[in-house]
Each structure stands twice: as structure tokens, then as C-alpha cells.
Amino acid sequence: MSEGTIKKFMYVNRKPPYGTVYALESLEVVLIGAAFDQDVSLAFIGDGVYQITKGQSTSDIGMKNFSPTYNALGDYDITKLYVEQESLTERGLSVDDLMDIVYEDEDDDWAEKPSIRVVSRAELADVIAGQDILLNF
Amino acid sequence: MKFGILINEGPYQHQASDSAYLFAKAAIDKGHEVFRVFFYHDGVQNATCLSSPPQDDRNITALWSELAKEHNVDLVVCVAAALRRGILDENEAKRNGKDAHNLADGFRISGLGQLIEAGIQSDRLMVFGD
């Protein structure tokens, strides 16, 4: 593989934001990896959907609330956040319970667009099948 | 084929590191290349030279060190994950004012960029975790 190779990297987030460190350390990889100019997307499945819910508060558990960091992903050109519909439904959640994560589309006069794409389990399976690298956290 | 390997769990509690080791060894025995093994999350605990399992058990850290020595495999421990969990080499111990260091032979501490690079450079990136 040459220096200019662009691969499709997908970070698959499967765990809740707190309770274990997977979500936080996954986000650290995403941010560092952004410097490598790859084709990056994130998927949120299972309890992973809780990572991007609105109104998180950690003041009573002595941990940093890192959820605002997801809002910065657009600045890192990370604009594809796939959320599995079934995972939301199974948890009594809808897209309205998720943060309004947006990016500015440079090809459309920097119009603000939603980064979150709610997809069905079957659709997500297709997206996953099209990736080169899957990092499961 | 060129493989990158990511290990996300510590030794003994999870089988991830054992499975990754067996995979790496089998791949090398079959003539494949292991470009890099990257240790992340609690996986960094695989790199402590202070691990002292009973004699009738496998010493996972020592197995990795041997593999690195015999086959020149690049074992990289994530610096941020390692420092949080008390895995330090001599340099990091000095930098952080600690009077001891515990990084086992054959391992080196570096950044997450090494994981992304392993993904780019390898034909396959294998993830061993929970």
C-alpha cells in the first residue's frame, strides 16, 4: 500500500458511554485517526447509541462528560455517523433523543447538515460490508 | 498476507491476547507477515514485565516478548492508555516523576497513529477484544 492510500475506516461503537472506558478511548482513536485523511465513518449499535444521546450529565459519578466532543467531529471532516434504527427502538429511543450533530458541507456553500444517519440493521450491514477496516469498540 | 493486530483486553481476564498470540504465531508459521501488534484499552496490561503467573500457567507477556525477539514483530503499546494504567517505559517514568518502569522486552510505547498506520499498511486488521 502506498502513502496515498485511502481506506474506508469504520469505528463500530457498541457500548454505553460510561461504565467502561471503551467509548471514550474509541473517540480518542477517531480524533487521532482523522489526521490520516482516510474515509472515516462511525456506527452506533446496541448500547452504543447511548453515546450520542442528548442531555448527558456525569456530575454525580466523578467522570468527565465527553459527549460534547462528538459535536466537534464535523471539524475533523468526520460526517458519517450511522445509527441503527432497531437499536434505538429496542431502547425506547428515537432520533429526537440524540444530539444534533452537524457538519458544514464545503461542496454546498458550507451549509450545515446532519451527520447522523439513522439506518436499518439491514442497511447498516451493507455499509459495514463495504468497509476496509472495522474497529469494534 | 500482511496482518495488523489490535488487542483491546488485558491478559488472563480475557482470552483476547491468547487468541491474538496464537493467530500471530500461526500466521507467521504459514509464511504471512505480522506488520504490527497494537495494544489498546486494558490490552496495554499485556506489556507489564511485573506479571508473575504461577509456574504451571502460561506467561502471556513473556510469550509476546519471545515472539517479538524471534520474528521481529513490532509490539506497540498506546501511550495514553498505558500511562493511565501504570504501564511505563524508562522515558515515561522519568517524564512523569515515577521511580519505576515496567515495560517488558520487545514492547515499545507510541501513539494511536501507529494503529491507524497498521490499518493502512496491512492487508487485514484483526481486532481481538470483548
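# Pockets and sheets in a two-chain model

Visitor: About how much space lies in the second largest pocket?
Guide: Bear in mind that this is a predicted model. Tyr18(A), Val21(A), Leu24(A), Lys64(A) and Phe66(A) lie nearest the centre of this pocket, out of 13 lining residues. The space in the second largest pocket comes to about 240 Å³.

Visitor: How do the residues lining the second largest pocket divide by class?
Guide: There are 13 residues to sort in that lining. Two are charged and three are polar, and the nonpolar ones number eight.

Visitor: What volume does the largest pocket have?
Guide: Its lining takes in 22 residues, and Gly74(A), Asp77(A), Ile78(A), Thr79(A) and Glu106(A) lie nearest the centre. The volume of the largest pocket is about 490 Å³.

Visitor: Which element gives the largest share of the lining of the largest pocket?
Guide: Two elements give two or more residues each: strand 2 (39–44) and strand 4 (102–105) of chain A. The largest share is four residues, and it comes from strand 4 of chain A.

Visitor: And how many charged residues are in the lining of the largest pocket?
Guide: Start from the 22 residues of the lining. Eight of them are nonpolar and four polar, and the charged ones number ten.

Visitor: On to the sheets. Which strands stand at the edges in chain A?
Guide: Five strands make an open, parallel sheet in the order 6-3-2-1-7 in chain A. An edge strand has a single partner, so one of its sides is left without a neighbour in the sheet. That picks out strand 6 (116–119) and strand 7 (133–136) of chain A.

Visitor: What is the bridge partner of Met10(A) in strand 7 of chain A?
Guide: Strand 1 (residues 8–13) and strand 7 of chain A run parallel and pair over four bridges. In strand 7 of chain A, Met10(A) has as its bridge partner Leu134(A).

Visitor: Which strands stand at the edges in chain B?
Guide: Chain B has an open sheet of five strands with parallel pairing, in the order 4-3-2-1-5. The edge strands each have a single partner strand, so each has one side without a neighbour in the sheet. They are strand 4 (107–110) and strand 5 (124–128) of chain B.

Visitor: Which residue stands opposite Val76(B) in strand 4 of chain B?
Guide: Strand 3 (residues 75–78) of chain B is joined to strand 4 of chain B by four bridges, and the two run parallel. Opposite Val76(B) in strand 4 of chain B stands Arg108(B).

Methods: Residues are numbered from 1 along each chain as its sequence is written. Chains are lettered from A and ligands numbered from 1 in the order in which they are written. This is a predicted model: local features need pLDDT of at least 70, side-chain atom pairs count only at pLDDT 80 or more; totals for chains, interfaces and linings use all residues. Side-chain values use heavy atoms; hydrogens and water are left out. On a 1 Å grid over the protein atoms alone, a cavity is a set of points where a 1.4 Å probe fits but cannot get out, and a pocket is an open set with protein on both sides within 12 Å along at least five of seven lines; lining residues have an atom within 4 Å of a point. Grid points are joined across faces, edges and corners, and a volume is the space filled by probe spheres set on the points. Ala, Val, Leu, Ile, Met, Phe, Trp, Tyr, Cys and Pro count as nonpolar, Asp, Glu, Lys and Arg as charged, and the others, Gly among them, as polar. Two strands pair if DSSP finds at least two bridges between them.
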